[in-house]
Amino acid sequence: MSKDFFRDMVKQIGDVDTHIADDGMHSSEFAGTMDTGSYLLNAALSGSIYGGVPNNKITVFAGESATGKTFFVLGLVQQFLKDNPDAGVIYYDTEAAVTKEMFVARGIDPRRVVISEQATVQGFRTHAMRILDNYLKVPEKERPKMLMVLDSLGQLSTEKEMEDITEGKNTRDMTRSQLIRGAFRALSLKLARANVSLLVTNHIFNVIGAYVPTKDMGGGEGLKYAASQIVFLSKKKDRDGTEVVGNIIHCRLAKSRFTKENKSIDVRLSYDDGLNRHYGLLDLAEKHGIIKKVSNRFEMPDGSKFYGKQIEEDPDRFFTKELLDAIDVAAGKEFKYGQGQMTENDDEEVDTESAIS
């Protein structure tokens, strides 16, 4: 049998959606990352401090009320637009929560953000599909980069629920989970083909009747299966003396197709500056022996010693390219699977029985 038998078969079929895997043309092929603005968060999501959010997949940030999910995602939007001067963002605001002033305050050019206030799952699905279809009509080389944000899934209603409310009915809508599953099933492939990332915020809740205290994500199973990564968020206040200057966001990977699941990290989110790029690197470097802790100071690779506060106040001075490269190798050991390659793992299960600490 000729080694080109199946390649010839694909040519004869003439289907643009069918390829030989070796050609690397299929939509599931990994297409790079989007910097989050935090080296440690990049590492947790991709296995490299120079990586980040996969740029053609669905990533979910879920947390309880007032966890700062919107504020957190706006930081990612800010970094995306900063890194891609010609790019734009399609922002689905289902809570009527974001304003022009909020964008400006976070360093986001509101002229580069399209706001769509969809009320139902069906409305979001149809609008997002139309956006992606029109985007794909433009030749790839002429398309500016695009990011999509759904903030939040938990606030999306359904047409049936809206009708029931209008008619004064108190019946529970049992179709919502199915509609969400169908919406994200359709969007996943379209996003991959367009090389567009979708960031989704969602609510979590306490599971009633669980043997041990557990938390789960709303919306049913559909989003859990469609998302490449799900990050559970919790927070504590970050203070400078008595003044609250931001939050320390605790991030746990409830699901990850690229890195080890259930890994947890902390990132610093400042009210003024967004995500702190270097926060957490000292601990990672110390854990892997790149930097040593001597008494209450850190010993750098060249033998010099500094207090942690000194390093935090001037990180660009201390975190040289050579040091960052060494930490990047450590990040691969810390967060990647044993093979050390950023490829999707086959485990589609989502751990919904892990509390957020």
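# Worked exercises on a predicted chain

Ala-96 sits in the loop between strand 4 (88-93) and helix 4 (100-105). Helices (H or I, at least four residues) and strands (E, at least two) are DSSP runs, numbered from the N terminus. This is a predicted model, where local features need pLDDT of at least 70, side-chain atom pairs count only at pLDDT 80 or more, and totals for chains, interfaces and linings use all residues. Residues are numbered from 1 along each chain as its sequence is written, and side-chain values use heavy atoms, with hydrogens and water left out.

**Exercise 1. Find the backbone exceptions in the loops, starting with the phi of Ala-96.**

Step 1. Recall the rule. Most residues other than glycine have a negative phi, and most peptide bonds are trans.

Step 2. Check Ala-96. Its phi is near 50°, a positive value in a residue other than glycine. Ala-96 counts as exposed because its relative accessibility is 62%. The cut-offs are under 20% relative accessible area for buried and over 50% for exposed, with partly exposed in between (1.4 Å probe, protein chains only).

Step 3. Move to Asn-262, in the loop between strand 10 and strand 11. Phi is near 70° here, again a positive value in a residue other than glycine. Asn-262 is partly exposed, since its relative accessible area is 37%.

Step 4. Look at the peptide bond between Asp-151 and Ser-152. The bond is cis, with omega about 5°. Ser-152 belongs to the loop between strand 6 and helix 6 (159-166).

**Exercise 2. Compare the span of helix 7 with the expected value, then list its buried residues.**

Step 1. Take the expected span as 1.5 Å times one less than the number of residues. Helix 7 (residues 176-194) has 19 residues, so it should span 27 Å. Its end C-alpha atoms are 27 Å apart, which agrees.

Step 2. List the buried positions. They are Arg-176, Ile-180, Ala-183, Phe-184, Leu-187, Lys-190, Leu-191, Ala-192 and Ala-194.

Step 3. Relate this to helix geometry. An α-helix has 3.6 residues a turn, so residues three or four places apart point the same way.

Step 4. Check what comes next. Just after helix 7, Asn-195 takes a positive phi of about 55°.

**Exercise 3. What covers the buried residues of helix 12?**

Step 1. Size the helix. Helix 12 (residues 321-335) has 15 residues. It reaches 20 Å from first C-alpha to last, close to the 21 Å expected.

Step 2. Pick out the buried residues. They are Leu-323, Leu-324, Ile-327, Asp-328, Ala-330, Ala-331, Gly-332, Glu-334 and Phe-335.

Step 3. Name the cover. It includes helix 2 (39-46), strand 11 (264-270), helix 9 (281-287) and helix 11 (315-318).

Step 4. Zoom in on Ile-327. Leaving aside neighbours within four places in sequence, Ile-327 is in contact (heavy atoms within 4.5 Å) with Ile-49, Leu-281, Leu-284, Ala-285, Ile-290 and Phe-319.

**Exercise 4. How many residues does the largest nonpolar core have, and which helix gives the most to it?**

Step 1. Fix the term. A nonpolar core is a set of buried Ala, Val, Leu, Ile, Met, Phe, Trp, Tyr and Cys residues joined through side-chain atoms within 4.5 Å.

Step 2. Count. The largest core has 54 residues. Phe-72, Val-89, Leu-199 and Ile-327 have the most contacts inside it.

Step 3. Find the main contributor. Helix 3 (residues 69-83) gives the most to this core, with 7 residues.

Step 4. Look beyond it. Another core, of 33 residues, lies apart from this one. Ile-58, Ile-90, Ala-128 and Leu-153 are among its residues.

**Exercise 5. Is Val-149 buried or exposed, and what does Val-149 touch?**

Step 1. Place the residue. Val-149 is part of strand 6 (residues 146-151).

Step 2. Read the accessibility. Val-149 counts as buried because its relative accessibility is 0%.

Step 3. List the contacts. Beyond neighbours within four places in sequence, they are Val-73, Val-77, Val-89, Ile-90, Tyr-91, Tyr-92, Leu-198 and Leu-199.

Step 4. Compare sequence with space. Val-149 and Leu-74 are 75 residues apart along the chain, and their C-alpha atoms are separated by 9.4 Å.

**Exercise 6. Describe the surroundings of Gly-308, then the whole chain.**

Step 1. Locate Gly-308 in helix 10. Gly-308 is buried, because its relative accessible area is 14%.

Step 2. Find its partners. Gly-308 touches Leu-282 and Phe-298, not counting residues up to four places away in sequence. Arg-297 is 11 residues from Gly-308 in sequence and 6.5 Å away, C-alpha to C-alpha.

Step 3. Step back. The chain has 12 helices and 15 strands. Of its 357 residues, 48% count as buried. Among contacts between residues at least 6 apart in sequence, 66% join residues at least 24 apart.
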